Amino acid sequence: MDTVKSALQAVHARIAKAILAAGRAPGCVELLAVSKTFPVAAITTAAHAGQRAFGESYVQEALPKLAALRDLSLTWHFIGPLQRNKTQAVAQHFDWVHSVDRPLIAQRLNDARPPDMPALNVCLQVNISDETSKSGVAPANLPALAQAVATLPRLRLRGLMAIPQGGTDSAIQHAQFARLHALQTELIDQGFALDTLSMGMSDDLEIAIAEGSTLVRVGSALFGTRPSSTH
Ligand SMILES: *Cc1c(COP(=O)(O)O)cnc(C)c1O
């Protein structure tokens, strides 16, 4: 488990270097450790090395892990596809959701958020690659969704999230991240108080940081390769 600790240091170094290269303020990018498919022991090791924020994609897998790690008071982000029958569990157990892409899901999260918990932090997932099969709200429908979420008292709209598609052409990656940043800026100009741009993963975090990311979601660079057949 020493490998998790040194991987954490290496990812922090990559983030710091990318921030410097982009001429941005030190500390302006948060690291979300994506622990889906990895065991409680790996999360514990990362937590003891100082990591506080963790991301999970599958409700069924996540709930026992959250329960086992309750005493560490970590921050949990749900980043996976969100079906309507999973909204209650997510609203009851997570601090953040990055994958809200339609009003019905937002309404259900709001209604299920327990009154004794703080409002659930929400990022809207945007489809920036125009592939009809991918999840995420279409950019044309984004302002209406932001408006709908902003009116829900148990949700706190924080920003936007995207998973770019289309391979490893860095010019295309830059363009997709820049597009998400521009959409965020448009919403801010319309009066939404957004502070989070959730973009960048193990393979493209430098490009995302160059384009304004404030939160990178990193899994394999911290914990190792996931079995690709299942996830
Ligand atoms: C799995 C996942 C990640 C982490 O991907 P890595 O390439 O392992 O860093 C980030 N974001 C989302 C939405 C994911 O599902």
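User: Which side chains meet arginine 158 and aspartate 195 style, in a salt bridge, and what is the N to O distance there?
Analyst: In this predicted model, the side chains of arginine 158 and aspartate 195 meet in a salt bridge, with 3.0 Å from N to O.

User: Where do those two sit in the chain?
Analyst: Arginine 158 belongs to strand β6, which covers residues 155-161, while aspartate 195 is in the loop between α7 (170-189) and β7 (196-198), so the pair ties together parts of the chain that are 37 residues apart in sequence.

User: And is arginine 158 buried or exposed?
Analyst: Arginine 158 is buried, since its relative accessible area is 13%, and the cut-off for buried is under 20%. Its partner, aspartate 195, counts as partly exposed at 41% relative accessibility.

User: How many salt bridges does the structure hold?
Analyst: The structure holds five salt bridges. One of them joins the side chains of arginine 14 and glutamate 206, at 2.7 Å from N to O.

User: What parts does that pair tie together?
Analyst: Arginine 14 lies in helix α1 (residues 2-21) and glutamate 206 lies in helix α8 (residues 205-210), so this salt bridge ties together parts that are 192 residues apart in sequence. Arginine 14 is partly exposed, with a relative accessible area of 25%, and glutamate 206 is also partly exposed, at 32%.

User: What about aspartate 101 and arginine 102?
Analyst: Their side chains meet in a salt bridge as well, with an N to O distance of 3.0 Å. Aspartate 101 counts as buried at 17% relative accessibility, whereas arginine 102 is partly exposed, with a relative accessible area of 35%.

User: Which residues are linked in a network of salt bridges?
Analyst: That network links Glu56, Glu61 and Lys65.

User: Switching topic, how many disulfides does a search of the whole structure find?
Analyst: The search finds zero disulfides. Cysteine 28 is in no disulfide, and the nearest cysteine sulfur, which belongs to cysteine 123, is 16 Å away.

User: Why is there no bond for cysteine 123?
Analyst: The closest cysteine sulfur to that of cysteine 123 is in cysteine 28, and the 16 Å between them is too far for a bond, because a disulfide needs the two sulfur atoms to be within 2.5 Å. As for their surroundings, cysteine 123 counts as buried at 0% relative accessibility, while cysteine 28 counts as partly exposed at 23%.

User: OK, aromatics next: how many aromatic pairs are there?
Analyst: The count comes to three aromatic pairs. In one of them, the rings of phenylalanine 54 and tryptophan 76 have their centres 5.7 Å apart and their planes at 40°, so that pair is described as tilted.

User: Where are those two rings in the chain?
Analyst: Phenylalanine 54 lies in strand β2 (residues 53-56) and tryptophan 76 lies in strand β3 (residues 75-78), so the pair ties together parts that are 22 residues apart in sequence. Phenylalanine 54 counts as buried at 0% relative accessibility, and tryptophan 76 is buried too, with a relative accessible area of 5%.

User: How are the rings of phenylalanine 78 and phenylalanine 94 placed?
Analyst: The centres of these rings are 5.4 Å apart and their planes are at 80°, so the pair is edge-to-face. Phenylalanine 78 is in strand β3 and phenylalanine 94 is in the loop between α4 (87-93) and β4 (96-100), which makes this a link between distant parts of the chain, 16 residues apart. Both phenylalanine 78 and phenylalanine 94 are buried.

User: How much space lies in the second largest pocket?
Analyst: The second largest pocket holds about 220 Å³ of space. Its lining includes Trp76, the tryptophan of the tilted pair, along with residues such as Leu63, Arg70, His93, Asp95 and Met117.

User: Which helix gives the most to that lining, and what classes of residue are in it?
Analyst: Helix α3 (residues 59-68) gives the most, with three residues. By class, the lining has seven nonpolar, two polar and two charged residues.

User: Last one: where does aspartate 2 lie, and how far is alanine 42 from it?
Analyst: Aspartate 2 lies in helix α1 and is exposed, with a relative accessible area of 67%. Aspartate 2 and alanine 42 are 40 residues apart in sequence, and in space their C-alpha atoms are 9.8 Å apart.

Notes:
Residues numbered from 1 in each chain as written. Predicted model: local features only at pLDDT ≥ 70, side-chain atom pairs only at ≥ 80, totals over all residues. Heavy atoms only, no water. Buried < 20%, exposed > 50% of the residue type's maximum accessible area, 1.4 Å probe, protein only. Phe/Tyr/Trp six-rings, centres within 6.5 Å; stacked < 30°, edge-to-face > 60°. Helix = DSSP H or I, 4+ residues; strand = E, 2+ residues; numbered from the N terminus. 1 Å grid on protein atoms, 1.4 Å probe; cavity = no way out; pocket = protein on both sides within 12 Å on 5 of 7 lines; lining within 4 Å. Points joined across faces, edges and corners; volume = space filled by probe spheres on them. Nonpolar A, V, L, I, M, F, W, Y, C, P; charged D, E, K, R; others polar. Salt bridge = Lys/Arg side-chain N within 4 Å of Asp/Glu carboxyl O.
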